[in-house]
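Got your viewer open? Here is a walk through the model, one selection at a time.

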Amino acid sequence: MSDFVIPANEKVLVTGAAGFIGSHLCLKLLEQGSTVVGLDNVNDYYDVNLKEARLARLEGKPGFKFVRMDLENREGIADLFATEKPTYVVNLAAQAGVRYSIENPHAYIDANLVGFTNILEGCRHNNVKHLVYASSSSVYGMNTEMPFSVHHNVDHPISLYAASKKANELMAHTYSHLYRLPTTGLRFFTVYGPWGRPDMALFLFTKAILEGRPINVFNEGKMRRDFTYIDDIVEGVYRCISTVAQPNPNWNSAKPDPATSSAPYRVFNIGNNSPVELMYMIETIEKALGVTAEKNMLPMQDGDVPATYADVEALTDAVGFKPATSIETGIGNFVEWYRSFYG
(Lines give C-alpha, C1' and ligand atoms only; values in the text may rest on other atoms or scores of the structure.)
Protein backbone atom coordinates (compact mmCIF):
# COMPACT_ATOMS: atom_id res chain seq x y z
CA MET A 1 0.00 0.00 0.00
CA SER A 2 2.83 2.41 0.78
CA ASP A 3 3.34 3.08 -2.93
CA PHE A 4 0.01 4.90 -2.99
CA VAL A 5 0.18 7.05 0.15
CA ILE A 6 -0.09 10.76 -0.65
CA PRO A 7 2.19 12.98 1.49
CA ALA A 8 0.36 15.40 3.81
CA ASN A 9 2.04 18.38 2.10
CA GLU A 10 0.41 17.38 -1.22
CA LYS A 11 -3.07 18.83 -1.00
CA VAL A 12 -6.01 17.06 -2.63
CA LEU A 13 -9.05 18.97 -3.91
CA VAL A 14 -12.13 16.71 -3.95
CA THR A 15 -15.23 18.09 -5.67
CA GLY A 16 -18.56 16.53 -4.74
CA ALA A 17 -17.34 16.18 -1.13
CA ALA A 18 -20.90 15.97 0.24
CA GLY A 19 -21.73 13.24 -2.29
CA PHE A 20 -21.76 9.49 -1.80
CA ILE A 21 -18.35 8.66 -3.31
CA GLY A 22 -16.80 12.06 -2.51
CA SER A 23 -17.48 11.93 1.23
CA HIS A 24 -16.11 8.38 1.50
CA LEU A 25 -12.99 9.38 -0.47
CA CYS A 26 -12.38 12.42 1.75
CA LEU A 27 -12.57 10.18 4.83
CA LYS A 28 -10.07 7.75 3.33
CA LEU A 29 -7.66 10.56 2.40
CA LEU A 30 -7.90 12.10 5.89
CA GLU A 31 -7.34 8.71 7.54
CA GLN A 32 -4.17 8.38 5.44
CA GLY A 33 -2.95 11.79 6.66
CA SER A 34 -3.68 13.86 3.55
CA THR A 35 -4.67 17.53 3.49
CA VAL A 36 -8.08 17.79 1.81
CA VAL A 37 -10.13 20.66 0.42
CA GLY A 38 -13.71 19.48 -0.15
CA LEU A 39 -15.97 21.37 -2.56
CA ASP A 40 -19.74 20.93 -2.94
CA ASN A 41 -22.77 23.11 -3.64
CA VAL A 42 -24.98 20.81 -1.51
CA ASN A 43 -27.85 21.10 -4.03
CA ASP A 44 -31.29 19.60 -3.50
CA TYR A 45 -31.22 16.98 -6.31
CA TYR A 46 -31.76 14.59 -3.39
CA ASP A 47 -32.15 14.86 0.41
CA VAL A 48 -29.91 17.69 1.63
CA ASN A 49 -30.04 16.28 5.18
CA LEU A 50 -28.17 13.19 3.99
CA LYS A 51 -25.51 15.37 2.34
CA GLU A 52 -25.14 17.46 5.51
CA ALA A 53 -24.84 14.26 7.60
CA ARG A 54 -22.04 13.03 5.32
CA LEU A 55 -20.27 16.38 5.70
CA ALA A 56 -20.68 16.23 9.48
CA ARG A 57 -18.49 13.10 9.47
CA LEU A 58 -15.71 15.16 7.85
CA GLU A 59 -15.94 18.56 9.50
CA GLY A 60 -13.56 19.13 12.38
CA LYS A 61 -11.15 16.45 11.20
CA PRO A 62 -7.50 17.66 11.06
CA GLY A 63 -6.46 18.58 7.52
CA PHE A 64 -10.01 19.12 6.18
CA LYS A 65 -11.45 22.34 4.80
CA PHE A 66 -14.91 22.63 3.20
CA VAL A 67 -15.92 25.13 0.49
CA ARG A 68 -19.58 25.51 -0.56
CA MET A 69 -19.69 26.57 -4.21
CA ASP A 70 -21.12 25.71 -7.63
CA LEU A 71 -18.73 24.08 -10.07
CA GLU A 72 -20.00 26.43 -12.79
CA ASN A 73 -18.91 29.53 -10.80
CA ARG A 74 -15.99 30.38 -13.11
CA GLU A 75 -14.38 33.13 -11.03
CA GLY A 76 -14.96 31.30 -7.75
CA ILE A 77 -13.31 28.11 -9.01
CA ALA A 78 -10.38 30.07 -10.48
CA ASP A 79 -9.89 31.85 -7.12
CA LEU A 80 -10.11 28.56 -5.22
CA PHE A 81 -7.34 26.99 -7.32
CA ALA A 82 -5.15 30.09 -7.06
CA THR A 83 -5.58 30.22 -3.25
CA GLU A 84 -5.41 26.52 -2.35
CA LYS A 85 -2.90 25.33 -5.00
CA PRO A 86 -3.91 21.64 -4.83
CA THR A 87 -1.36 19.05 -5.98
CA TYR A 88 -4.09 16.62 -7.02
CA VAL A 89 -7.71 17.12 -8.05
CA VAL A 90 -10.46 14.50 -7.92
CA ASN A 91 -13.57 15.74 -9.72
CA LEU A 92 -16.58 13.78 -8.47
CA ALA A 93 -19.06 16.67 -8.55
CA ALA A 94 -21.60 16.26 -11.34
CA GLN A 95 -25.28 16.28 -12.06
CA ALA A 96 -25.94 12.56 -11.70
CA GLY A 97 -28.74 10.27 -12.84
CA VAL A 98 -29.80 8.91 -16.22
CA ARG A 99 -33.55 9.50 -15.94
CA TYR A 100 -33.25 13.04 -14.53
CA SER A 101 -31.25 14.00 -17.65
CA ILE A 102 -34.35 13.36 -19.78
CA GLU A 103 -36.38 15.86 -17.71
CA ASN A 104 -33.65 18.44 -16.95
CA PRO A 105 -31.04 18.48 -19.72
CA HIS A 106 -29.68 21.96 -18.86
CA ALA A 107 -28.56 20.84 -15.38
CA TYR A 108 -26.13 18.42 -17.07
CA ILE A 109 -24.68 21.03 -19.39
CA ASP A 110 -24.13 23.46 -16.49
CA ALA A 111 -22.50 21.08 -14.00
CA ASN A 112 -20.93 18.43 -16.23
CA LEU A 113 -19.66 20.54 -19.13
CA VAL A 114 -19.34 24.16 -17.92
CA GLY A 115 -18.27 23.00 -14.45
CA PHE A 116 -15.74 20.51 -15.81
CA THR A 117 -14.24 23.20 -18.07
CA ASN A 118 -13.65 25.33 -14.95
CA ILE A 119 -11.89 22.38 -13.27
CA LEU A 120 -9.69 21.76 -16.33
CA GLU A 121 -8.75 25.45 -16.49
CA GLY A 122 -7.94 25.48 -12.76
CA CYS A 123 -5.67 22.46 -13.20
CA ARG A 124 -3.99 23.91 -16.27
CA HIS A 125 -3.15 27.28 -14.70
CA ASN A 126 -2.00 25.95 -11.30
CA ASN A 127 0.39 23.12 -12.16
CA VAL A 128 -1.85 20.36 -10.83
CA LYS A 129 0.10 17.08 -10.90
CA HIS A 130 -2.87 14.84 -11.75
CA LEU A 131 -6.60 15.24 -12.43
CA VAL A 132 -8.74 12.18 -11.67
CA TYR A 133 -12.39 12.54 -12.67
CA ALA A 134 -15.60 10.53 -12.60
CA SER A 135 -16.84 9.14 -15.87
CA SER A 136 -19.54 6.46 -15.94
CA SER A 137 -20.37 3.00 -17.25
CA SER A 138 -23.30 4.70 -19.02
CA VAL A 139 -20.86 5.86 -21.75
CA TYR A 140 -21.06 2.32 -23.18
CA GLY A 141 -24.60 3.15 -24.35
CA MET A 142 -25.60 0.91 -27.26
CA ASN A 143 -22.52 -1.32 -26.91
CA THR A 144 -23.47 -4.97 -26.40
CA GLU A 145 -20.07 -6.70 -26.44
CA MET A 146 -19.44 -7.92 -22.88
CA PRO A 147 -17.55 -7.32 -20.70
CA PHE A 148 -17.31 -3.60 -21.48
CA SER A 149 -13.68 -2.74 -22.17
CA VAL A 150 -11.97 0.65 -22.09
CA HIS A 151 -10.50 -0.34 -25.45
CA HIS A 152 -13.97 -0.41 -27.06
CA ASN A 153 -15.41 2.50 -29.03
CA VAL A 154 -18.07 4.41 -27.01
CA ASP A 155 -19.66 6.75 -29.54
CA HIS A 156 -23.34 5.80 -29.08
CA PRO A 157 -24.61 7.12 -25.72
CA ILE A 158 -28.36 6.83 -25.06
CA SER A 159 -28.83 9.53 -22.41
CA LEU A 160 -27.59 13.11 -22.10
CA TYR A 161 -25.95 12.11 -18.80
CA ALA A 162 -23.88 9.51 -20.68
CA ALA A 163 -23.08 12.01 -23.44
CA SER A 164 -21.87 14.54 -20.85
CA LYS A 165 -19.54 11.92 -19.32
CA LYS A 166 -18.17 10.94 -22.74
CA ALA A 167 -17.66 14.67 -23.38
CA ASN A 168 -15.65 14.91 -20.14
CA GLU A 169 -13.30 12.21 -21.42
CA LEU A 170 -12.85 14.07 -24.71
CA MET A 171 -12.27 17.40 -22.93
CA ALA A 172 -9.73 15.79 -20.60
CA HIS A 173 -7.87 14.31 -23.55
CA THR A 174 -7.67 17.72 -25.18
CA TYR A 175 -6.08 19.24 -22.05
CA SER A 176 -3.74 16.27 -21.69
CA HIS A 177 -2.65 16.78 -25.29
CA LEU A 178 -2.41 20.59 -25.38
CA TYR A 179 -1.07 21.28 -21.88
CA ARG A 180 0.41 17.87 -20.88
CA LEU A 181 -2.02 17.79 -17.94
CA PRO A 182 -2.12 14.16 -16.70
CA THR A 183 -5.75 13.01 -16.53
CA THR A 184 -7.40 9.74 -15.50
CA GLY A 185 -11.09 9.11 -16.18
CA LEU A 186 -12.84 6.49 -14.05
CA ARG A 187 -15.94 4.77 -15.41
CA PHE A 188 -17.87 3.80 -12.28
CA PHE A 189 -20.24 0.81 -12.42
CA THR A 190 -23.39 1.05 -10.23
CA VAL A 191 -21.84 2.12 -6.93
CA TYR A 192 -23.73 1.14 -3.76
CA GLY A 193 -23.25 0.86 0.00
CA PRO A 194 -23.72 2.78 3.27
CA TRP A 195 -24.44 6.52 2.88
CA GLY A 196 -25.56 5.80 -0.71
CA ARG A 197 -27.74 7.89 -3.01
CA PRO A 198 -31.52 7.90 -2.41
CA ASP A 199 -32.21 7.90 -6.18
CA MET A 200 -30.46 4.53 -6.67
CA ALA A 201 -32.34 1.22 -6.83
CA LEU A 202 -30.93 -0.29 -3.61
CA PHE A 203 -32.01 2.74 -1.56
CA LEU A 204 -35.42 3.04 -3.27
CA PHE A 205 -36.16 -0.68 -2.83
CA THR A 206 -35.06 -0.80 0.82
CA LYS A 207 -37.13 2.27 1.72
CA ALA A 208 -40.26 1.04 -0.09
CA ILE A 209 -40.07 -2.48 1.35
CA LEU A 210 -39.68 -1.19 4.92
CA GLU A 211 -42.61 1.20 4.37
CA GLY A 212 -44.78 -1.63 3.01
CA ARG A 213 -45.01 -0.13 -0.49
CA PRO A 214 -44.59 -2.06 -3.76
CA ILE A 215 -41.32 -1.65 -5.69
CA ASN A 216 -41.06 -0.86 -9.41
CA VAL A 217 -39.03 -3.55 -11.18
CA PHE A 218 -38.04 -2.41 -14.67
CA ASN A 219 -37.42 -4.70 -17.64
CA GLU A 220 -39.26 -7.44 -15.68
CA GLY A 221 -36.18 -7.68 -13.42
CA LYS A 222 -34.05 -9.06 -16.26
CA MET A 223 -31.48 -6.24 -16.16
CA ARG A 224 -27.97 -7.13 -15.04
CA ARG A 225 -25.72 -4.68 -13.24
CA ASP A 226 -22.09 -4.78 -12.17
CA PHE A 227 -22.86 -3.58 -8.63
CA THR A 228 -19.66 -2.18 -7.10
CA TYR A 229 -19.28 -1.66 -3.36
CA ILE A 230 -18.28 1.81 -2.15
CA ASP A 231 -15.10 0.69 -0.31
CA ASP A 232 -13.82 -0.96 -3.51
CA ILE A 233 -14.54 2.20 -5.51
CA VAL A 234 -12.72 4.39 -2.97
CA GLU A 235 -9.67 2.10 -2.84
CA GLY A 236 -9.46 2.19 -6.65
CA VAL A 237 -9.79 5.99 -6.78
CA TYR A 238 -7.26 6.44 -3.98
CA ARG A 239 -4.64 4.33 -5.76
CA CYS A 240 -5.25 6.16 -9.04
CA ILE A 241 -4.60 9.60 -7.51
CA SER A 242 -0.90 8.98 -6.86
CA THR A 243 -0.45 6.76 -9.95
CA VAL A 244 -0.09 9.70 -12.33
CA ALA A 245 -1.23 9.11 -15.93
CA GLN A 246 1.62 8.66 -18.42
CA PRO A 247 1.69 8.76 -22.24
CA ASN A 248 1.44 5.34 -23.88
CA PRO A 249 4.74 4.96 -25.81
CA ASN A 250 3.12 2.35 -28.09
CA TRP A 251 0.05 4.41 -28.96
CA ASN A 252 -0.62 4.18 -32.69
CA SER A 253 -2.54 6.94 -34.45
CA ALA A 254 -3.36 4.56 -37.32
CA LYS A 255 -5.11 2.22 -34.84
CA PRO A 256 -5.96 4.52 -31.93
CA ASP A 257 -6.62 2.88 -28.55
CA PRO A 258 -9.52 4.81 -26.92
CA ALA A 259 -8.21 4.14 -23.38
CA THR A 260 -4.73 5.67 -23.76
CA SER A 261 -2.90 8.28 -25.82
CA SER A 262 0.41 9.76 -26.82
CA ALA A 263 -0.61 12.37 -24.18
CA PRO A 264 -0.66 11.64 -20.40
CA TYR A 265 -4.26 10.42 -20.58
CA ARG A 266 -6.05 7.21 -19.66
CA VAL A 267 -9.46 5.78 -18.84
CA PHE A 268 -10.27 2.90 -16.48
CA ASN A 269 -13.35 0.90 -15.58
CA ILE A 270 -13.99 0.46 -11.86
CA GLY A 271 -16.54 -2.33 -11.54
CA ASN A 272 -17.03 -5.54 -9.63
CA ASN A 273 -16.36 -7.63 -12.78
CA SER A 274 -19.33 -9.82 -11.78
CA PRO A 275 -22.80 -8.76 -13.01
CA VAL A 276 -25.86 -9.57 -10.89
CA GLU A 277 -29.44 -9.88 -12.16
CA LEU A 278 -31.83 -7.31 -10.69
CA MET A 279 -34.13 -10.04 -9.31
CA TYR A 280 -31.22 -11.61 -7.40
CA MET A 281 -30.33 -8.21 -5.98
CA ILE A 282 -33.96 -7.81 -4.81
CA GLU A 283 -33.92 -11.30 -3.23
CA THR A 284 -30.71 -10.35 -1.39
CA ILE A 285 -32.39 -7.20 -0.01
CA GLU A 286 -35.45 -9.24 1.05
CA LYS A 287 -33.19 -11.69 2.92
CA ALA A 288 -31.29 -8.87 4.65
CA LEU A 289 -34.55 -7.18 5.69
CA GLY A 290 -36.47 -10.37 6.47
CA VAL A 291 -39.37 -9.02 4.38
CA THR A 292 -40.75 -10.07 0.98
CA ALA A 293 -41.31 -7.21 -1.47
CA GLU A 294 -44.49 -6.61 -3.44
CA LYS A 295 -43.33 -6.06 -7.04
CA ASN A 296 -44.68 -3.99 -9.94
CA MET A 297 -43.14 -5.58 -13.06
CA LEU A 298 -42.57 -2.87 -15.66
CA PRO A 299 -40.95 -2.52 -19.11
CA MET A 300 -37.49 -0.99 -19.70
CA GLN A 301 -37.14 2.76 -19.04
CA ASP A 302 -35.83 5.20 -21.66
CA GLY A 303 -32.08 5.79 -21.35
CA ASP A 304 -31.46 2.53 -19.46
CA VAL A 305 -29.20 -0.25 -20.73
CA PRO A 306 -30.05 -3.95 -20.24
CA ALA A 307 -26.69 -4.94 -18.78
CA THR A 308 -23.36 -3.60 -17.52
CA TYR A 309 -20.22 -5.67 -16.98
CA ALA A 310 -16.77 -4.18 -16.41
CA ASP A 311 -13.49 -5.48 -17.78
CA VAL A 312 -11.09 -4.14 -15.09
CA GLU A 313 -7.83 -5.55 -16.45
CA ALA A 314 -6.39 -2.08 -17.25
CA LEU A 315 -7.08 -0.85 -13.70
CA THR A 316 -5.60 -4.00 -12.13
CA ASP A 317 -2.47 -3.69 -14.27
CA ALA A 318 -2.02 -0.03 -13.34
CA VAL A 319 -2.72 -0.03 -9.59
CA GLY A 320 -2.75 -3.69 -8.54
CA PHE A 321 -6.34 -3.72 -7.34
CA LYS A 322 -9.73 -5.00 -8.44
CA PRO A 323 -13.08 -4.73 -6.64
CA ALA A 324 -14.19 -7.98 -4.97
CA THR A 325 -16.87 -7.29 -2.31
CA SER A 326 -19.80 -9.68 -2.78
CA ILE A 327 -23.34 -8.35 -3.31
CA GLU A 328 -24.46 -10.25 -0.17
CA THR A 329 -21.85 -8.54 2.03
CA GLY A 330 -22.43 -5.12 0.46
CA ILE A 331 -26.22 -5.19 0.74
CA GLY A 332 -25.98 -6.51 4.31
CA ASN A 333 -23.77 -3.53 5.22
CA PHE A 334 -26.12 -1.09 3.47
CA VAL A 335 -29.23 -2.42 5.23
CA GLU A 336 -27.48 -2.22 8.61
CA TRP A 337 -26.50 1.41 7.90
CA TYR A 338 -30.00 2.30 6.60
CA ARG A 339 -31.70 0.98 9.71
CA SER A 340 -29.29 2.80 12.04
CA PHE A 341 -29.44 6.10 10.09
CA TYR A 342 -33.21 6.19 9.54
CA GLY A 343 -34.15 4.38 12.73
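Start by selecting Val12 and Tyr88: Tyr88, in S4, is the bridge partner of Val12. Keep in mind as you click that this is a predicted model. Now widen the selection to strand S1 (residues 12-15) and S4, which run parallel and are joined by 4 bridges.

Stay on strand S4 (residues 88-91) and show its side chains. Which way do they point? Tyr88 and Val90 go one way, Val89 and Asn91 go the other way, and all are buried. That fits a general habit: in a regular strand the side chains alternate between the two faces of the sheet.

Next, pick Val90 and look across to S5, where Val132 stands opposite. S4 and S5 also run parallel, again with 4 bridges between them. Carry on to the next pair: strand S5 (residues 130-136) and S6 pair in the parallel sense over 6 bridges. To see one of the matching positions, select Ala134, which stands opposite Leu186 in S6.

**The whole sheet**

Time to zoom out. In what order do the strands line up? The open sheet has 7 strands, in the order S3-S2-S1-S4-S5-S6-S11, with parallel pairing. S3 and strand S11 (265-270) stand at the edges with a single partner strand each, so each has one side without a neighbour in the sheet. Turn the view and you can follow the twist: on average, neighbouring strands of this sheet are turned by 20° against each other, direction ignored. As background, strands of a sheet pair through backbone hydrogen bonds, either parallel or antiparallel.

**A buried arginine**

Go back to strand S6 (residues 183-188) and select Arg187. Is Arg187 buried or exposed? With a relative accessibility of 2%, Arg187 counts as buried, since the cut-off for that is under 20%. Show Tyr140 as well: the side chains of Arg187 and Tyr140 make a polar contact of 2.8 Å.

**Charged pairs**

How many salt bridges does the structure hold? There are 13 of them. Side chains of opposite charge can pair when their charged atoms come close.

Try Glu84 and Lys65 to begin with, whose closest N and O atoms are 2.4 Å apart in a salt bridge. Glu84 belongs to helix H3 (residues 74-84) and Lys65 to strand S3 (residues 64-68), so the pair ties together parts that are 19 residues apart in sequence. Glu84 is buried at 12% relative accessible area, while Lys65 is partly exposed at 41%. Add Lys11 to the selection, and you have a network of salt bridges linking Lys11, Lys65 and Glu84.

Another pair to click on is Glu286 and Lys295, a salt bridge with its closest N and O atoms 2.9 Å apart. Here Glu286 counts as buried, at 12% relative accessibility, and Lys295 is partly exposed, at 29%.

Then hop over to Lys207 and Glu211, where the closest N and O atoms of the salt bridge are 3.1 Å apart. Lys207 is partly exposed at 32%, and Glu211 is partly exposed too, at 45%.

**Backbone oddities**

Now switch to a backbone view. In general, most residues other than glycine have a negative phi, and most peptide bonds are trans. Select Met146 and Pro147: the peptide bond from Met146 to Pro147 is cis, with omega near -10°. You'll find Pro147 in the loop between S5 and H6.

Val42 has a positive phi, near 45°, and is not a glycine. Look for Val42 in the loop between strand S2 (36-40) and helix H2 (48-56), where Val42 is buried at 8% relative accessible area. Asn273 has a positive phi as well, near 65°. Asn273 sits in the loop between S11 and strand S12 (276-277) and counts as partly exposed, at 25% relative accessibility.

**Last stops**

Select Thr284 in helix H9 (residues 278-289). Thr284 counts as buried, at 9% relative accessibility. Add Gly332: the two C-alpha atoms are separated by 8.3 Å, though Thr284 and Gly332 are 48 residues apart along the chain.

Finish on the surface with Ile109, Val114 and Leu160, which make a nonpolar patch of about 190 Å². Of these, Leu160 is found in helix H6 (residues 160-179) and is partly exposed, at 31% relative accessible area.

Notes: Residues are numbered from 1 along each chain as its sequence is written. This is a predicted model: local features need pLDDT of at least 70, side-chain atom pairs count only at pLDDT 80 or more; totals for chains, interfaces and linings use all residues. Side-chain values use heavy atoms; hydrogens and water are left out. Patches are made of residues with over 30% relative accessible area and no salt bridge: like charges are joined within 9 Å, nonpolar side chains (Val, Leu, Ile, Met, Phe, Trp, Tyr) within 5 Å. Accessible areas come from the Shrake-Rupley method with a 1.4 Å probe; for residues, only the protein chains shown count as cover. A salt bridge is a side-chain nitrogen of Lys or Arg within 4 Å of a carboxyl oxygen of Asp or Glu. Helices (H or I, at least four residues) and strands (E, at least two) are DSSP runs, numbered from the N terminus. Buried means under 20% relative accessible area, exposed over 50%, partly exposed in between (1.4 Å probe, protein chains only). A polar contact is a pair of N or O atoms within 3.5 Å; within protein, one must be able to donate a hydrogen and the other to accept it, and residues adjacent in sequence count only if both atoms are side-chain atoms. Two strands pair if DSSP finds at least two bridges between them. Axes are lines fitted to C-alpha atoms, for helices over the stretch in contact, and angles run from 0 to 180 degrees between N-to-C directions.
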